[in-house]
Number of protein chains: 2
Amino acid sequence: MILGQGNVATHLWSAFHKVKTIELFQVNSRAFSAIPVSDVTIIAVTDDAIEEISQQLGSRKGLIVHTSGTVSMQAIHQQRKGVFYPLQSFTKGSSVNFSTVPFCLETRHERDFFTLQSLAKLVGSKTYRLNSDQRQKMHIAAVFVNNFTNHMYAIGKDICDVHEIPFEILHPLIAETAKKITNISPKEAQTGPAKRNDEETIKTHLEHLNSQQEELYTLVTKAIQNKQ
Amino acid sequence: MILGQGNVATHLWSAFHKVKTIELFQVNSRAFSAIPVSDVTIIAVTDDAIEEISQQLGSRKGLIVHTSGTVSMQAIHQQRKGVFYPLQSFTKGSSVNFSTVPFCLETRHERDFFTLQSLAKLVGSKTYRLNSDQRQKMHIAAVFVNNFTNHMYAIGKDICDVHEIPFEILHPLIAETAKKITNISPKEAQTGPAKRNDEETIKTHLEHLNSQQEELYTLVTKAIQNKQ
């Protein structure tokens, strides 16, 4: 049973739908007065709504889980509770290959953990056991490697646009940078003027940036230098 | 003719060596008193050494180019000069697939441009025409999308390590983030608490960071918010 109709709910639905051994219901979370009982109920709604939905489910039987990276497992009020969090940024419209999506799992009871593990494996996903605290910390790490990294790309594109340089020249470098850290640690992979303490290049670069870019360049450069 | 024995020189050598139509010489840049004349001389040495090497080459015939992203074409003193800059971070020991490496080309004379273009195409590379100013600006953009992005990965790993979370959980997200901007612009791809102006999540995240991470989180968040 999947409650919700957002991106996560829709993508999970599509994935589970292909698995013949799962009997599946999807329910619009705003109108589930008479939802059928099922082994696992997945509350795939916005973070704010999870607790309220759980309360509305009352003394529902079976395992009740949410799919949020940030909300504690304690937001679920039922006795058999858990978290079934797929770590990926889902985009509406584009299909998801779940075999590349890791699931972070947490349950109150050990046997329920194996149920979630089996569910994830049915769609080909790797699973990891993380408690609510770890999941929240990982979400912060994800902000750095996803949201903030994307902003670095945005600045790169801004600089290219101003100087009429096709941003696509940088695509292979971006791909290589992302691939490299799957083989060696980011610390070992670090290169560039900050890492080399190449003050002359750093000074030249700063002269060509706008004030916001300059502030960021200075701070990240300092951070890289402090890390050595 | 390739002068130099660093990473770029070695990788270029390996690539050109496979092309039967190129007759190739590689020379240790510290001992080239009697180097043979060739159509194209590629000075693939450290940035600081380019001008000196060019001067030592005297009135050498043929096209003389360097391979630096930051040094101006004017560092070459010969009349027929150019730049043959492969945009990729080369690592010692790991082989390079040049078909994914874009070359940024610049020459003083138009016919020499086509020579460099042909050379790059022989190893399967895409080419772009950039002048020295554009190349230097693109190098700054590369610092953001490569060096600074890598530092975002490093912080992500630090957070994971402290909380005993396997960093590999984030690998698929990192790959997806890098891939996304080849289809849509980084600005369109931006997600996360900063983009959503989700002040509550931002506040919670800041409480869990060390002072340097906090400073960076605040600045990048502000930058993303200003960009909307």
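Copies are superposed by least squares on the C-alpha atoms of residues with pLDDT of at least 70 in both. The structure under discussion is a predicted model.

**Symmetry of the two chains**

On that basis, a turn of 180° with a shift of 0.0 Å along the axis lays chain A on chain B, and the RMSD is 0.0 Å. The two copies are thus related as by a two-fold rotation axis. Within chain A, the residue that comes closest to this axis is A:T149, whose C-alpha lies at 2.6 Å. Of the interface residues of chain A, 100% are also interface residues in chain B, so the copies meet through the same surface.

**Charged residues**

Over all chains, the whole structure contains 16 salt bridges. One of them joins B:D158 to A:K227, with 2.5 Å between the closest N and O atoms. This pair crosses between chains: B:D158 belongs to helix α4 (residues 132–162) of chain B, whereas A:K227 sits in the segment after α8 of chain A.

Both chains also contribute to a patch of negative charge on the surface, where A:E214, A:E215, B:E214 and B:E215 gather. Two elements give two or more residues each to this negative patch, namely α8 of chain A and α9 of chain B. The table sets out these two elements.

| Chain | Element giving two or more residues to the negative patch | Residues of the element |
|---|---|---|
| chain A | α8 | 211–226 |
| chain B | α9 | 211–226 |

Helix α8 of chain A thus holds A:E215 of the patch, and the segment after α8 holds A:K227, the partner of B:D158 across the chains.

Technical notes
Residues numbered from 1 in each chain as written. Chains lettered and ligands numbered in written order. Predicted model: local features only at pLDDT ≥ 70, side-chain atom pairs only at ≥ 80, totals over all residues. Heavy atoms only, no water. Contact = heavy atoms within 4.5 Å. Patch = residues over 30% accessible without salt bridge, like charges linked within 9 Å, V, L, I, M, F, W, Y side chains within 5 Å. Areas by Shrake-Rupley, 256 points an atom, 1.4 Å probe, with all protein chains shown as cover. Salt bridge = Lys/Arg side-chain N within 4 Å of Asp/Glu carboxyl O. Lys, Arg positive; Asp, Glu negative; His and termini not counted. Charge placed at Lys NZ, Arg CZ, Asp CG, Glu CD. Helix = DSSP H or I, 4+ residues; strand = E, 2+ residues; numbered from the N terminus.
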